[in-house]
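Me: Hi! I have a protein model open and could use some help reading it. Can we go through it together?

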Amino acid sequence: MSVQLLNDDDVRTRLDAPTAVRAVRDALMAAHEGLLHAPPRVQADLGDGHLVFTAGHLRAERLFGFRAYDTLVGAEQLVALWDCDGGRLRAVVHGDELGARRTGAIGAVAVDTVANPGPVRLGLVGAGTHAWTQLWAICAVRQVMEATVVARRPERAEAFAQRAAEELGVRIRAVPTVEEAVRDHDVVVVATNSTVPVLDADWIGPGTHVTTLGPKTVSRHEVPAALAYRADVLLTDSLAQTASYSEPHILPADRMVDLGAVLAGAAPGRMSPDQITIFCSVGLAGTEVAVAAALLEGAHQTRRSHGAPTAGIGAASSRTSPRT
């Protein structure tokens, strides 16, 4: 069987949000149970930047692989997937979509695990790729009654809102201020590249769940340190990866709880409707391998249903936007 070569167009057309969320949820549980071996990311110094690797071994599925991306020129990402039975290379996924949708799926699992149950009012700070994939994935786990989005460039927020309404059927509006985007919302997603806080901790009301995706260290952080003191529950998808940063997180690591442990019932999550919960997304290594495996299976099913041989699928990649 040939190696499957998949690109961004393949990811967009063949990976639906429920499949991505399910793959990531299973990987988070596997990590908690010791069935996903996922060491912290490794960085190779390239002088003016780094080549970064995240790797994972899914023991039950007998699959392993890695994702590689750079901080040098913003090059195309690469995910490679092998099986453990003979070490055959199964798939290569190139482009930025898989990583972003994997991150979106992780955020959706966090929402589904600790946000208050039922339909949600969603506030989005940022209108880039990661804000989009968070919305895309959250729609798979919750009904989004209404949403707001704000961006530094208002035209980007307007375009985002129009796309979300057309493609996801979400009732959404662009708003002029971050405060309007986050006040009185059930779920808030902060997806920026800002190195200074973009919101005031007092704007987050009781019962809100917050996901932070952007810079989150002491010297560079998109949410204020005061937010941690207002929060009742702090979660992350990888305690090991959180601890491996070169400087401490702005959110206290000693209070962070592993999302997989909450999923497994081994650690408490939300205990009351008025609690504020924060999810610090760091991108558990190995989850991209799990999503690539789900994508590969979907590609095989699609090819079989059309009676076509399972040869290489992808062509040139369609790049989207910068990673976080």
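Me: Is D85 buried or exposed?

Reply: D85 counts as exposed, because its relative accessibility is 52% and the cut-off for exposed is over 50%. Keep in mind that this is a predicted model.

Me: Which residue does D85 form a salt bridge with?

Reply: Its partner is R62, and the closest N and O atoms of the two are 2.8 Å apart. This pair links distant parts of the chain: D85 is in the loop between strand 6 and strand 7 (89–94), while R62 is in the loop between strand 4 and strand 5, 23 residues apart.

Me: Why would two side chains like that pair up?

Reply: Side chains of opposite charge can pair when their charged atoms come close.

Me: Cool. What about the backbone of R62, what is its phi?

Reply: Phi of R62 is near 55°, a positive value in a residue other than glycine. As for cover, R62 counts as partly exposed, at 39% relative accessibility.

Me: Where else does a positive phi turn up, say at D184?

Reply: Phi of D184 is near 60°, again positive in a residue other than glycine. D184 lies in the loop between helix 6 (178–182) and strand 11, and it counts as exposed with 63% relative accessibility.

Me: Back to salt bridges. How many does the structure hold?

Reply: There are 15 salt bridges in the structure. One of them joins D83 and R88, with the closest N and O atoms 3.6 Å apart. D83 is buried at 8% relative accessible area, whereas R88 is partly exposed at 31%.

Me: And E97, which residue does that one meet?

Reply: E97 meets R101, and the N to O distance is 2.6 Å. They sit in helix 3 (residues 97–114), and because they are four residues apart, about one helical turn separates them.

Me: Why does that spacing matter in a helix?

Reply: An α-helix has 3.6 residues a turn, so residues three or four places apart point the same way.

Me: Are E97 and R101 buried or exposed?

Reply: E97 is buried, with a relative accessible area of 5%, and R101 is buried at 5% too. Salt bridges with shared partners join D9, R12, E97 and R101 into one network.

Me: New topic: the sheet. What is the strand order in the open sheet of eight strands?

Reply: The order is 10-9-8-11-12-15-13-14, and the pairing is parallel.

Me: Which strands stand at the edges?

Reply: Strand 10 (172–174) and strand 14 (256–258) do. Each has a single partner strand, so one side of each is left without a neighbour in the sheet. From one strand to the next, the twist averages 20°.

Me: How many bridges join strand 13 to strand 15?

Reply: Four bridges join strand 13 (residues 233–236) to strand 15 (residues 277–280), and the two run parallel. For example, L234 has I278 in strand 15 as its bridge partner.

Me: And strand 12, what does that one pair with?

Reply: Strand 12 is joined to strand 11 by four bridges, running parallel. Four bridges also join strand 12 to strand 15, again parallel. If you want to find these pairings on screen, V189 stands opposite T211 in strand 12, and the bridge partner of T212 in strand 15 is C280.

Me: Which residues of strand 12 are buried?

Reply: H209 and T211 on one side and V210 and T212 on the other are all buried, so both faces are covered.

Me: What does helix 4 lie across?

Reply: Helix 4 (residues 129–138) lies across strand 8 (120–125), strand 9 (144–150), strand 11 (187–190) and strand 12 (209–212), at about 165° to strand 8. Helix 5 (residues 154–168) also packs on the sheet, touching strand 8, strand 9 and strand 10.

Me: How many residues of helix 4 are buried?

Reply: 10 of its 10 residues are buried, including W132 and W136.

Me: Last one: which residues make the nonpolar surface patch?

Reply: L46, L72 and V73 make it, and the patch is about 280 Å². L72 is in the loop between strand 5 (63–70) and strand 6 (78–83), and it is partly exposed at 39% relative accessible area.

Methods: Residues are numbered from 1 along each chain as its sequence is written. This is a predicted model: local features need pLDDT of at least 70, side-chain atom pairs count only at pLDDT 80 or more; totals for chains, interfaces and linings use all residues. Side-chain values use heavy atoms; hydrogens and water are left out. Two strands pair if DSSP finds at least two bridges between them. Axes are lines fitted to C-alpha atoms, for helices over the stretch in contact, and angles run from 0 to 180 degrees between N-to-C directions. Contact means heavy atoms within 4.5 Å. Patches are made of residues with over 30% relative accessible area and no salt bridge: like charges are joined within 9 Å, nonpolar side chains (Val, Leu, Ile, Met, Phe, Trp, Tyr) within 5 Å. Accessible areas come from the Shrake-Rupley method with a 1.4 Å probe; for residues, only the protein chains shown count as cover. A salt bridge is a side-chain nitrogen of Lys or Arg within 4 Å of a carboxyl oxygen of Asp or Glu. Buried means under 20% relative accessible area, exposed over 50%, partly exposed in between (1.4 Å probe, protein chains only).
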